[in-house]
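Me: Please take a close look at the ligand site in this model. I would like the contacts, and then the strands and helices behind them.

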Amino acid sequence: MTPSAQKETNSNTRTHFTSQLQELPIGSEVKVAGWIEDFRDIGKLGFILLRDVTGLVQTVLVGENLQKAKSIPRQSNILITGVVQGTKSKNFPIEIKVTEIFVFSHASLSLPVDPTGRVESNLDTRLDSRALDLRNPKISNIFILRSNILRIIRDFFSENKFIEVNTPKIIGSASEGGSNLFSFNYFKRKGFLAQSPQLYKEQLVLSLDRVFEIAPYFRAENSHTLRHLNEFLSVDLEAAYLDYYDIMNLMEELIKKILVYMRDSNYFDNENPLFKENSLNDLISIPFPKISYDKCLDELTSVGEKVTFGDDLSDSSLRKLGEKFDKFYFIVDWPLNLKPFYIHEKESNPALSKSFDLQFGHLELVSGGTRQHDVSKLKSRLAEQGLSAENFKDHLRVFEWGMPPHSGSGLGFDRLMMVLLGLNNIREAVLYPRDTSRISP
Ligand code: AMO
């Protein structure tokens, strides 16, 4: 009989994360792995502060181990074997008395950023060395929270009977009209990077009823702002038989669920200026206001902004609105001419559309609406917008197979993270941001 392959074992296998040590009885033998955040030598005794992604532990060294520690640079990756013991330190509940140090890999003596955060670097320098920047727990916490919130979102959709889908990001024609498309050679023709999953998610409601997708959008926009990227993550949903009011309710429920999670896990500290003056409980309990586009125009005119019906709301207009409405609110019923071809007009006033944006102050977080599912109207809307129905033929034919009425939205997830953490630059919320001047690392 052929023996089955086996994992090679050696003594350098971690037994615990640092966050698990407190629960162990004093005297337990453990192996913890991570990087040296700090080393102090006070003569006959030395201390390595060992950090892993879950926390920090103080380890105590004497004799040969102390001698060895002196030659290992900070940030090197090591495994410490030792015994859990009580400590006199005010900063730690327990410490480890070291019996052995094993070095997995030495860190260079001059590192591009200081992950302890003691020496501050500007964001560009940090992004150039992002993997190391993430050793700083203030930074890794952003991404741990991102991961937890994505899990909450998945659970929320699953509880509401949505099916998670993955649609192609290499596409043959535009999903959101012709501009802002990245194009490239795809064998003997042109390929594009998807601006959004709009057309696919609409097609999928034909059979799957409710779908959601968490995936990147690619936009070839030449924007240089703190809230635009050329690749960003969106949480998209599309649902048969719901209208845009139902979608707004779902979005509000989802965001409140996330706020409750953050409140209950003490994520909001006083460092988030957006939540400092506001009571988080108010945000959770009070309905998000729904303000019509028309009402926004009145508000803006009353503060001296020059906007007329049919104009998009400029950055300056949104900032003015954001002064009055500084938390979450919806802007509903936009002029039809401002919305993409797939948005449904309002029956009571066809110059308006069944659409909404969810704002936080001046920042747009979500956009969505009820979709046009009448194929002849879709064709005229395409023509009105100067788009060729021929380019959308694969999409339009689906509407002749018994399409249900449907609605949906797209949530800019990186922007939501900015709001939740009070970050003023979207790049802080993204591991490897892509903007007009950054394509690596
Ligand atoms: P829209 O183009 O408004 O809608 O995009 C949806 C949401 O994505 C975010 N967003 C951005 N985030 C970072 N950088 C950018 N350059 C950027 N552009 C947009 C915003 C925005 O609200 N198909 C529709 C959605 C739908 O109707 O379902 C769409 O693409 O938060």
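Reply: What follows starts at the ligand and works outward to the sheets and loops. The model is predicted.

Start with the location. The ligand sits in the largest pocket. Its shell holds 25 residues. Glu176, Gln198, Lys201, Glu364 and Arg371 are the closest of them. By class, nine residues of the shell are charged, nine are polar and seven are nonpolar.

Now the polar contacts. Glu221 brings a polar side-chain atom to 2.8 Å from a nitrogen atom of the ligand. Ser367 also uses its side chain: a polar atom there lies 3.2 Å from an oxygen atom of the ligand. Ser409 uses its backbone instead. One of its backbone N or O atoms lies 3.5 Å from an oxygen atom of the ligand. On its own, the ligand has 630 Å² of accessible area, and the protein covers 92% of that.

Which elements supply at least two residues each to the shell around the ligand? There is one helix in the list, helix 5 (198–208). The strands listed with it are strand 11 (231–240), strand 17 (363–370) and strand 18 (406–412). Strand 17 gives the most, with five residues in the shell.

Next, the sheet behind these strands. Strands 11, 18 and 17 follow one another in an open sheet of eight strands. The full order is 6-10-11-18-17-16-13-12, and the pairing is mixed. At the edges are strand 6 (163–164) and strand 12 (290–292), each paired on one side only. Strand 11 and strand 18 run antiparallel and are joined by seven bridges. Within that pairing, Asp236 has Gly410 of strand 18 as its bridge partner.

Helix 5 leads to a local backbone feature. Asp209 is found in the loop between helix 5 and strand 10 (210–218). Its phi is near 75°, a positive value in a residue other than glycine. Strand 10 itself belongs to the eight-stranded sheet, placed between strands 6 and 11 in the order.

Then there is a second sheet. Three strands form this open sheet, in the order 7-9-8, with antiparallel pairing. Strand 7 (170–171) and strand 8 (183–186) are the edge strands, and each pairs on one side only. Strand 8 pairs with strand 9 (residues 189–193) over four bridges, in the antiparallel sense. Tyr186 has Arg189 of strand 9 as its bridge partner.

A hairpin also deserves a look. Strand 14 and strand 15 form it, with two residues between them. Strand 14 covers residues 345–346 and strand 15 covers residues 349–353. The two run antiparallel and are joined by two bridges. Glu345 has Ser353 of strand 15 as its bridge partner.

Last comes a cis peptide bond. It joins Ser440 and Pro441, with omega about -5°. Pro441 is found in the segment after helix 13 (413–421).

Back to the ligand to close. Glu221 and the ligand nitrogen give a distance of 2.8 Å. For the ligand oxygen contacts, the distance is 3.2 Å at Ser367 and 3.5 Å at Ser409. Strand 17, with five residues, remains the element that gives the most to the shell. In the sheet order, strand 17 has strand 18 on one side and strand 16 on the other.

Notes
Residues numbered from 1 in each chain as written. Predicted model: local features only at pLDDT ≥ 70, side-chain atom pairs only at ≥ 80, totals over all residues. Heavy atoms only, no water. Near = heavy atom within 4 Å. Polar contact = N/O pair within 3.5 Å; in protein donor to acceptor, adjacent residues only side chain to side chain. Areas by Shrake-Rupley, 256 points an atom, 1.4 Å probe, with all protein chains shown as cover. 1 Å grid on protein atoms, 1.4 Å probe; cavity = no way out; pocket = protein on both sides within 12 Å on 5 of 7 lines; lining within 4 Å. Sits in = over half its atoms within 2 Å of the grid points. Nonpolar A, V, L, I, M, F, W, Y, C, P; charged D, E, K, R; others polar. Pairing = 2+ DSSP bridges.
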